[in-house]
Amino acid sequence: MPQSPVSRKSASHNRRSVLGAALALPAALTAGGLATATPAAAEPGTVDAGAWTPLVLEPGITPNPAAVPEVRLVTLAGTVFLQARGLVTCNLTADTRIGRLPDGFALPTGYVRATAPRNNSQGVNACRFEINPSGSVTIFGANTGNPVTWVQFDSVQTIWR
């Protein structure tokens with residue numbers, strides 16, 4: 001037998017009340033646990049920034065004298081990041097190895113990738129910066145119709161593996 005509009009509304013209201021109470025119970029239990037939990041703040045002194053070290057560049061890749069391309073590793077609360085800075089001029093018309101990590105620099109266990117600004121050509125103003133497990137630094141995204149003529153590394157920061 002069909003229900004009247006009033007009884008459908010009551011049934012709907014009751015289902016919402018039951019569902020709301022069921023969802024509120026775990027939230028209340030969790031809120032209590034969060035109120036007494038110890039914060040997961042980093043301990044003072046957990047930032048360790050390594051020294052800036054110049055990249056070893058390939059022939060044809062020219063460092064900007066005022067912004068030599070450099071890399072360093074920074075450890076923050078147990079996580080290691082690669083940071084880069086500097087600027088190179090070049091004439092890349094294909095994916096190209098532009099250099100390598102300096103001697104003695106820790107090698108990644110996998111590929112490390114980031115995006116770097118490049119000359120704006122045909123609306124493309126970024127390229128892929130990649131370091132492979134052997135320490136080679138490659139720039140991806142250039143082609144003969146859209147060459148990369150400079151790359152800036154100041155925005156390169158990525159988790160190191």
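Trainee: What makes a residue count as touching Gln 83 in this predicted model?

Mentor: Heavy atoms must come within 4.5 Å. By that rule Gln 83 touches Trp 52, Glu 70, Val 71, Arg 72, Val 74, Val 156 and Gln 157, leaving aside residues up to four places away in sequence. Gln 83 itself sits in strand E6.

Trainee: Why is Gln 83 called buried?

Mentor: Its relative accessibility is 16%, and buried means under 20%. The value falls under the cut-off, so Gln 83 counts as buried.

Trainee: Which side chains make a polar contact with the side chain of Gln 83, and how do you know that the term applies?

Mentor: One partner is the side chain of Arg 72, at 2.7 Å. Another is the side chain of Gln 157, also at 2.7 Å. The limit for such a pair of N or O atoms is 3.5 Å, with one atom able to donate a hydrogen and the other to accept it. Both Arg 72 and Gln 157 also appear among the residues that Gln 83 touches.

Trainee: Let's turn to the cysteines. Why is there no disulfide between Cys 90 and Cys 127?

Mentor: A disulfide is a covalent bond between the sulfur atoms of two cysteines. The cut-off here is 2.5 Å. The sulfur of Cys 90 has its closest cysteine sulfur in Cys 127, 8.1 Å away, so the pair is too far apart for a bond. Seen from the other side, Cys 127 is in no disulfide, with the sulfur of Cys 90 as its nearest at 8.1 Å. The count of disulfides comes to zero.

Trainee: Are those two cysteines buried or exposed?

Mentor: Buried: Cys 90 has 11% relative accessibility and Cys 127 has 5%. Each value is under the 20% cut-off, so the word fits.

Trainee: Which residues have the most contacts inside the largest nonpolar core?

Mentor: Phe 129 and Phe 153, in a core of 26 residues. Among the strands giving two or more residues to this core are E6, E9, E10 and E12. Phe 153 touches Phe 129, and its other contacts include Pro 69, Leu 87, Val 88, Ile 98 and Ile 139.

Trainee: What makes E9 and E10 a pair?

Mentor: Pairing needs at least two bridges. Seven join E9 to E10, so they pair, and they run antiparallel. Ala 114 stands opposite Phe 129 in E10. The two strands form a hairpin with two residues between them, and Gln 122 in the turn has a positive phi of about 60 degrees.

How values were computed:
Residues numbered from 1 in each chain as written. Predicted model: local features only at pLDDT ≥ 70, side-chain atom pairs only at ≥ 80, totals over all residues. Heavy atoms only, no water. Core = buried A, V, L, I, M, F, W, Y, C linked by side-chain atoms within 4.5 Å. Buried < 20%, exposed > 50% of the residue type's maximum accessible area, 1.4 Å probe, protein only. Helix = DSSP H or I, 4+ residues; strand = E, 2+ residues; numbered from the N terminus.
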